[in-house]
Amino acid sequence: MTLFDTHAHYTDNAFHKDREELLGKLLPAAGVGAVVVPGVDVESSRSALALAEEYGYIYAAAGLHPEDCAGAGEAELEEIRRLCQHPKVVAVGEIGLDYYWAENPSKEFQREIFRRQLALAREAKLPAIVHDREAHGGSLSIVREFPEVTGVFHCFSGSPEMAAELVRRGWYLGFDGPVTYKNAKRAPEVVAAIPLDRIVIETDAPYLSPVPHRGKRNDSRNLPYIVEKLAEWKGVTPENMAEVTFENGMRLFPKIRP
């Protein structure tokens, strides 16, 4: 089966020693047919694009993550805008809100940068990759302000009711390694509440490794564990889930052409 990892941070230093081997040989050999590498700041967005230019099956997203947006201003936003004009930059992201860490930029500033980047996505006619941690109400409220913008809520952790509203608005939901954890109680309810054609799979590599590799560095070769769990919850075969989520990823990122 061919797999689409819609969210993996292969610019991360965790891949410094073996990035070339992993991306050049190991992932294609494992059936990974497409990967989107999001940026978290200007530098990583540029690095994501560099990987996309080097490897045909890799695509980039450009954005300012809520944990990394401190001090961002017109120059940074303009550079994200410029990067989004490249044919292999397929989304604005990773953007959003993160109220979990006390040391993050202020909630007010995060909201401002989030709105500015959703406006950029609207202008560029690109999907957005949204990070929402402990900020479900704020994230949903802000995306409601931009009805023309859709995309994916990465590593979705909201309620079934929130999921249903996002799906009605045209959004996709991304599911990662935590669906395999014993404490994954809300995720089965969410997956049951949404249609198959709005589910995409992610690793968030190098983070969030699924069982049985929890605690180790993650990469796209672990996608089958996520596929199997989602297939179990939806009552379909893993092969069907892989095929559907690949097709969903292609629709989510329309700049990608086979």
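In this predicted model, the cover over the buried residues of helix H7 includes helix H6 (160-168), strand E7 (172-175), strand E8 (199-201) and helix H8 (223-234). The residues beneath that cover are Ala187, Val190 and Val191, the buried members of H7 (residues 186-193). Viewed down the axis of H7, these buried residues fall within an arc of 95°, so they line one face of the helix.

Moving on from H7, the loop between H7 and E8 holds Asp197. With a relative accessibility of 39%, Asp197 counts as partly exposed. Setting aside residues up to four places away in sequence, Asp197 touches Tyr172, Asn248 and Arg251. Asp197 and Leu173 are 24 residues apart in sequence, and their C-alpha atoms are 9.9 Å apart in space.

Charged side chains come next: the structure holds 12 salt bridges. One of them joins Arg217 to Asp18, at 2.9 Å from N to O. Arg217 sits in the loop between E8 and H8, and Asp18 in the loop between strand E1 (3-5) and helix H1 (19-29), so the pair ties together parts that are 199 residues apart in sequence. Arg217 is partly exposed at 30%, and Asp18 is partly exposed at 24%.

Glu165 offers a second example, as its side chain meets that of Arg144 in a salt bridge of 2.8 Å, N to O. This pair links distant parts of the chain, with Glu165 in helix H6 and Arg144 in helix H5 (residues 136-144), 21 residues apart. Glu165 also forms a salt bridge with Arg169, where the closest N and O atoms are 3.0 Å apart. Glu165 is buried, with a relative accessible area of 14%, whereas Arg144 is partly exposed at 39% and Arg169 is partly exposed at 32%.

Key. Residues are numbered from 1 along each chain as its sequence is written. This is a predicted model: local features need pLDDT of at least 70, side-chain atom pairs count only at pLDDT 80 or more; totals for chains, interfaces and linings use all residues. Side-chain values use heavy atoms; hydrogens and water are left out. Buried means under 20% relative accessible area, exposed over 50%, partly exposed in between (1.4 Å probe, protein chains only). Helices (H or I, at least four residues) and strands (E, at least two) are DSSP runs, numbered from the N terminus. The arc is that of the directions from the helix axis to the C-beta atoms. Contact means heavy atoms within 4.5 Å. A salt bridge is a side-chain nitrogen of Lys or Arg within 4 Å of a carboxyl oxygen of Asp or Glu.
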